Amino acid sequence: MMNSGTNTMVDRAVADLTACQGELEAARRAIELAIGARISDDGLNYHLIKSRVKSVESVRGKLGKLKPNGLPKYSNGLSDLDDLIGMRVITHIKPDVSRVVTALTGQFNVIKDEDKSEVHLREGTIGYAAHHLILEVGDDYPAGCGQHIGQRFEVQVKTVLQHAWAEFEHDIRYKSSGDVNPAINRAFTLASGLIELADDQFVTIHTEMSRESQSTAPVN
């Protein structure tokens with residue numbers, strides 16, 4: 001339960017967010033265009049780019065979270081939130097995830113870089129797999145982003161199948177009023193393993209199709 005001090009901090013942060021909503025929306029549009037341009041310039045194949053500015057309700061809920069000792073988890077308000085602007089780049093196959101990550105980390109300053117798939121490999125586990133980045137518009141900004149230097153944002157790069165799993169899992173947990181049934185958790189874990197296998201098969205299909213295309217290409 002939040003105390004009066006936490007409530008005051010959250011109310012102040014929400015007021016600040018409301019005041020800068022237009023600026024955040026402008027930054028979101030500019031960054032999304034820059035990402036799309038860079039990916040296209042690099043000749044990378046992707047399914048979709050999505051973006052959003054975090055809603056007031058979502059910010060209020062996140063800033064209201066407390067540590068076990070009862071103190072606010074995000075005591076500095078909005079400056080503690082790296083995901084006020086969120087981007088998702090959805091690819092068809094796994095190799096393109098790493099290619100997109102390479103493109104974006106060469107375009108923006110990197111604050112945080114976490115490959116969830118690598119974490120699972122190290123720990124010998126199965127679960128949510130995506131590549132998460134916290135990036136910042138730097139002084140060497142891409143075209144269109146000159147008015148947004150210093151703006152941080154989150155990018156999730158994942159395959160279509162990983163995206164579908166994450167969306168469904170989030171929907172189930174968000175709608176749950178309490179702890180999720182262990183059987184459902186187990187089913188999600190099994191599904192994530194099947195998705196990993198399916199993603200691998202998509203890579204195999206893509207590789208074979210590319211090989212056939214090259215072998216049947218006319219020789220000049």
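Hi everyone, let's start with a single residue: at 12% relative accessibility, Gln-107 counts as buried, because the cut-off for buried is under 20%. Before I go on, please keep in mind that this is a predicted model.

So where does Gln-107 sit? You'll find Gln-107 in the loop that runs between helix H4, residues 94-105, and strand E3, residues 109-115. And which residues does Gln-107 touch, if we skip those up to four places away in sequence? They are Ala-34, Ile-35, Arg-38, Asp-140 and Pro-142. Hold on to Ile-35, please; that name comes back in a moment.

Now let's step back and look at the whole chain. The protein chain has seven helices and five strands. Reading from the N terminus, the order goes α-α-β-α-β-α-β-α-β-β-α-α. If you draw a box around the C-alpha atoms along the principal axes, that box comes to roughly 75 × 50 × 25 Å.

There are 220 residues in the protein chain, and 36% of them are buried. What about the surface? The chain exposes about 12900 Å², with carbon and sulfur atoms supplying 53% of that area. On the charge side, there are 24 positive and 30 negative side chains, and the centres of these two sets lie 5 Å apart.

One more overall number. Take the contacts between residues at least 6 apart in sequence: 71% of those join residues at least 24 apart.

Let's go inside. In soluble globular proteins, nonpolar side chains tend to be buried together. Here, the largest nonpolar core has 37 residues. Which residues have the most contacts inside this core? They are Ile-35, which we just met touching Gln-107, together with Phe-153 and Val-155.

Many elements feed into this core. Those giving two or more residues are helices H1 (4-19), H2 (21-41), H3 (56-63) and H4, along with strands E1 (48-53), E2 (85-91), E4 (131-136) and E5. Which one gives the largest share? That would be H2, with seven residues.

Val-155 is a nice one to click on. Beyond the residues up to four places away in sequence, Val-155 touches Met-87, Val-89, Leu-104, His-131, His-132, Leu-133 and Leu-135.

Next, the aromatic rings. How many aromatic pairs turn up in a search of the whole structure? The search finds three. One of them is Phe-108 with Phe-153, an edge-to-face pair, 5.0 Å from centre to centre and with 85° between the planes. This pair links distant parts of the chain: Phe-108 is in the loop between H4 and E3, while Phe-153 is in strand E5, residues 152-159, and the two are 45 residues apart. Are these two buried or exposed? Both Phe-108 and Phe-153 are buried.

Another pair is Phe-168 with Phe-188. This one is tilted, at 5.8 Å centre to centre and 55° between the planes. It also links distant parts of the chain, with Phe-168 in helix H6 (residues 160-175) and Phe-188 in helix H7 (residues 182-216), 20 residues apart. Phe-188 has 7% relative accessibility, so it counts as buried. Add Trp-165, and you have one aromatic cluster of Trp-165, Phe-168 and Phe-188.

While we are looking at H6, let me point out Ile-172, which lies in that helix. Leaving aside neighbours within four places in sequence, Ile-172 is in contact with Ile-184 and with Phe-188. The C-alpha atoms of Ile-172 and Ile-184 are separated by 9.4 Å, and the two residues are twelve apart along the chain. Why is Ile-172 not called buried? Its relative accessibility is 28%, so Ile-172 counts as partly exposed.

Ala-26, over in helix H2, is also partly exposed, with a relative accessible area of 25%.

My last stop is Gly-138, in the loop between E4 and E5. Gly-138 is buried, at a relative accessible area of 6%. Leaving out neighbours within four places in sequence, Gly-138 is in contact with Asn-109 and Ile-149. For a sense of distance, Gly-138 and Ile-195 are 57 residues apart in sequence, and 36 Å apart in space from C-alpha to C-alpha.

That's my tour. Thanks for listening!

Notes
Residues are numbered from 1 along each chain as its sequence is written. This is a predicted model: local features need pLDDT of at least 70, side-chain atom pairs count only at pLDDT 80 or more; totals for chains, interfaces and linings use all residues. Side-chain values use heavy atoms; hydrogens and water are left out. Helices (H or I, at least four residues) and strands (E, at least two) are DSSP runs, numbered from the N terminus. Buried means under 20% relative accessible area, exposed over 50%, partly exposed in between (1.4 Å probe, protein chains only). Contact means heavy atoms within 4.5 Å. Accessible areas come from the Shrake-Rupley method with a 1.4 Å probe; for residues, only the protein chains shown count as cover. Lys and Arg count as positive and Asp and Glu as negative; His and the chain ends are not counted. The place of a charge is taken as NZ of Lys, CZ of Arg, CG of Asp or CD of Glu. Rings of Phe, Tyr and Trp (its six-membered ring) pair if their centres lie within 6.5 Å; planes under 30 degrees apart count as stacked, over 60 as edge-to-face and the rest as tilted. A nonpolar core is a set of buried Ala, Val, Leu, Ile, Met, Phe, Trp, Tyr and Cys residues joined through side-chain atoms within 4.5 Å.
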